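Open the model in your viewer and keep the sequence panel beside it. We will go from stop to stop, selecting a few residues each time.

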Amino acid sequence: MVHTGDEGVVTALLADDMVKVRLVGDQDEIPVFVDDVVRSEDFTQAVKPAKIKPLKPGSPKQMMPSPPPPPVQAPRTQYTILKSYGIQLAFDPIVRTDGTTEKFAIYLLNDTRLDVIYNFELYLDTHLSVQSSAKLKALSFE
């Protein structure tokens, strides 16, 4: 990823110029804008390292104490909670050209301020149709 340097694998295409990325060494999948993703071979060309200039011994900047760290801000979330509804399951119909529903996209919404570890299994009759287990971060969806 361009801004963080994290590496991952694109696992799905999402709406609004976004993709779902599974981070290397992690089972979490996160939504990422297409503009923030670059092929790993092209990463060194996309992000140039900053040049660090060493200070001369005895320079005024070296003798001054460092300023206090900036105050910690609350993390940005994907959306704002107006009224929390907890953990939700959403079914978004995928419609054919004739207007009938072909299938459903299933989303798990975490409308709380806590991370949740879940195990989701959907059975149709006695057949296991969908299975997913992961950690869902606070105020996010998957």
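Which strands make up the open sheet of three strands, and in what order? Select E4, E5 and E8: the order is E4-E5-E8, and the pairing is antiparallel. E4 and E8 stand at the edges with a single partner strand each, so one side of each has no neighbour in the sheet. Two strands count as paired if DSSP finds at least two bridges between them. Strands of a sheet pair through backbone hydrogen bonds, either parallel or antiparallel.

**Before you go on**

This is a predicted model, in which local features need pLDDT of at least 70 and side-chain atom pairs count only at pLDDT 80 or more, while totals for chains, interfaces and linings use all residues. Residues are numbered from 1 along each chain as its sequence is written, and side-chain values use heavy atoms, with hydrogens and water left out.

**The whole chain**

Colour by secondary structure. You should find two helices and eight strands. Helices (H or I, at least four residues) and strands (E, at least two) are DSSP runs, numbered from the N terminus. Read from that end, the order is β-β-β-α-α-β-β-β-β-β.

Now show the surface. Its accessible area is about 12000 Å², and 58% of that belongs to carbon and sulfur atoms. Such areas come from the Shrake-Rupley method with a 1.4 Å probe; for residues, only the protein chains shown count as cover. Of the 142 residues, 16% count as buried. Buried means under 20% relative accessible area, exposed over 50%, and partly exposed in between (1.4 Å probe, protein chains only).

Contacts give another view of the chain. Take those between residues at least 6 apart in sequence: 34% of them join residues at least 24 apart. Contact means heavy atoms within 4.5 Å.

**Stop 1: Ser-140**

Select Ser-140 in strand E8 (residues 140–141). Is Ser-140 buried or exposed? Ser-140 has a relative accessible area of 9%, so it is buried. Now add strand E5 (residues 101–111), which runs antiparallel to E8 and is joined to it by two bridges. Pick Asn-110: its bridge partner in E8 is Ser-140. Next, add Lys-137. Its backbone oxygen lies 2.6 Å from a polar atom of the Ser-140 side chain.

**Stop 2: a patch on the surface**

Select Leu-89, Phe-91 and Phe-104. They form a nonpolar patch on the surface, with about 300 Å² of accessible area together. Patches use residues with over 30% relative accessible area and no salt bridge; like charges are joined within 9 Å, nonpolar side chains (Val, Leu, Ile, Met, Phe, Trp, Tyr) within 5 Å. Zoom in on Phe-91, in strand E4 (residues 86–95). Phe-91 has 44% relative accessibility, so it counts as partly exposed.

**Stop 3: the hairpin of E1 and E2**

Go to strand E1 (residues 8–14) and strand E2 (residues 18–23). Six bridges pair them in the antiparallel sense. One pair to click is Gly-8 and its bridge partner in E2, Leu-23. Three residues lie between the strands of this hairpin, and Asp-16 takes a positive phi near 60 degrees.

**Stop 4: salt bridges**

How many salt bridges does the structure hold? There are three. A salt bridge is a side-chain nitrogen of Lys or Arg within 4 Å of a carboxyl oxygen of Asp or Glu.

Select Lys-20, Arg-22 and Glu-29, which are linked in a network of salt bridges. Between Arg-22 and Glu-29, the N to O distance is 2.8 Å. Between Lys-20 and Glu-29, the closest N and O atoms are 4.0 Å apart. Lys-20 and Glu-29 are both buried. Arg-22 is partly exposed, at 35% relative accessibility.

Now select Lys-135 and Asp-115. Their closest N and O atoms are 3.7 Å apart in another salt bridge. This pair links distant parts of the chain, 20 residues apart: Lys-135 is in strand E7 (residues 127–136), Asp-115 in the loop between E5 and E6. Lys-135 is partly exposed at 37%, and Asp-115 is partly exposed at 42%.

**Last stop: Ile-117**

Keep Lys-135 on screen and add Ile-117, in strand E6 (residues 116–124). Ile-117 is exposed, with a relative accessible area of 73%. Leaving aside neighbours within four places in sequence, Ile-117 is in contact with Ala-134 and Lys-135. Finally, bring back Lys-137. The C-alpha atoms of Ile-117 and Lys-137 are separated by 8.6 Å, and the two residues are 20 apart along the chain.

Key:
A polar contact is a pair of N or O atoms within 3.5 Å; within protein, one must be able to donate a hydrogen and the other to accept it, and residues adjacent in sequence count only if both atoms are side-chain atoms.
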